[in-house]
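Subject: Structure for you to look at

Hello,

Here is the structure I said I would pass on. My notes follow below it.

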Amino acid sequence: MDLLTHLFLPLTVAFVLRPELFDHPATLALAGFGVFSDFDKFLGQPGLLHSLVTVVPVCLLVLGVERWYRGDEGWQYAPVVAAFIASHLPLDLIDGGPVPLLYPFVEEGIGLQYPARTVFGSGPVGLSIEGQLVTTRAATPRPGYNTYGFLTGDGIAWLLVFLLVFVAYRRRERLSSPPPSNAD
C-alpha cells in the first residue's frame, strides 16, 4: 500500500470518529504513525514491524506511557496513535501483502488479491464477472533493501477525501458557532 493511503485513510476515519482530538493542526501529524511499520524496510528487515509479535507490544507501550504520564486522567492521544500503528497491517493485508503476522516465528505472510474482472459485451445483461472475487496469497517478504511503490491513485483519492471531510467539518463548525459579541 502506498504512503498516502497509510496516512490519510486512517486519519480520515480518526477525524470522523474523534474530531475533537484534532483541535490543533499539529495533531494531524499523528497520522505519521500510520507508516511506522514500514520502518522495517528502512532497516532492511521487511516483516519485522509487519508482525503482531512486534506491533502489539509497541501499541501497548504507547498506551502504557500515556497512562503513566496522565495518571488517572486516562488516555487522550495514545489510543489514536495505537490505532494508526495497528491500521498498517490490515491495510497491507487487504492490498495483497504479504503480511507476516507472526514474524519472526513464521516468516511467511498472507495477503488478499482480487482477480475478478468485468467483461463487457458478454453475459445476459451485456456484462459478466470473470474469475474469483477474492483469493489469498502467501509469500515470504524478501529480506534486504528492496524497491517499493510510493504513490498510487488510491493514496491521492484518500488525500482528497480527507481534505473534503476536514474542510466540510471546519466549515460546519464555523457556521454553527455563535458570532462574536461586540461588547464595549
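This is a predicted model. Among the elements of the protein, α4 has the highest mean pLDDT, at 97, and helix α2 (residues 39–42) the lowest, at 92. Over the protein as a whole the average pLDDT is 92, and 97% of the residues score at least 70.

Helix packing

Helix α1 (residues 3–17) packs against helix α5 (residues 153–176), with the axes 8 Å apart and an angle of about 25 degrees between them. Angles under 35 degrees count as roughly parallel, and α1 and α5 are therefore roughly parallel to each other. The crossing of α1 past α5 is left-handed. On the α1 side the contact includes Leu 4, Phe 8, Leu 9, Leu 11, Phe 15 and Val 16. Residues met in α5 include Ile 156, Trp 158, Leu 159, Val 161, Phe 162, Val 165, Phe 166 and Tyr 169, as well as Asp 154 and Arg 170. By type, the residues of this contact of α1 with α5 are 14 nonpolar, three polar and two charged.

α1 also packs with α4 (78–94). Here the axes come within 10 Å and cross at roughly 125 degrees, which makes α1 oblique to α4. This crossing is right-handed. From α1 the contact takes Thr 5, His 6, Leu 9, Pro 10, Leu 11 and Ala 14; from α4 it takes Val 80, Phe 84, Ser 87, His 88, Leu 91 and Asp 92. The contact of α1 with α4 divides into seven nonpolar residues, four polar and one charged.

Cis peptide bonds

The loop between α4 (78–94) and β1 (109–113) holds Pro 98, and Pro 104 is found in the loop between α4 and β1 too. The bond joining Gly 97 and Pro 98 is cis, with omega about 10 degrees. The peptide bond from Tyr 103 to Pro 104 is cis as well, with omega near 10 degrees. Please look at both sites when you open the model.

The β2–β3 hairpin

Strands β2 (residues 117–120) and β3 (residues 127–130) run antiparallel and are joined by four bridges. Arg 117 has Glu 130 in β3 as its bridge partner. Six residues lie between the strands of this hairpin, where Gly 121 takes a positive phi near 85 degrees.

Regards

Technical notes: Residues numbered from 1 in each chain as written. Predicted model: local features only at pLDDT ≥ 70, side-chain atom pairs only at ≥ 80, totals over all residues. Heavy atoms only, no water. Helix = DSSP H or I, 4+ residues; strand = E, 2+ residues; numbered from the N terminus. Pairing = 2+ DSSP bridges. pLDDT = per-residue confidence, 0-100. Axes fitted to C-alpha atoms, helices over the stretch in contact; angles between N-to-C directions. Parallel < 35°, antiparallel > 145°, perpendicular 65-115°, else oblique. Left-handed = near helix turned anticlockwise from the far one by under 90°. Contact = heavy atoms within 4.5 Å. Nonpolar A, V, L, I, M, F, W, Y, C, P; charged D, E, K, R; others polar.
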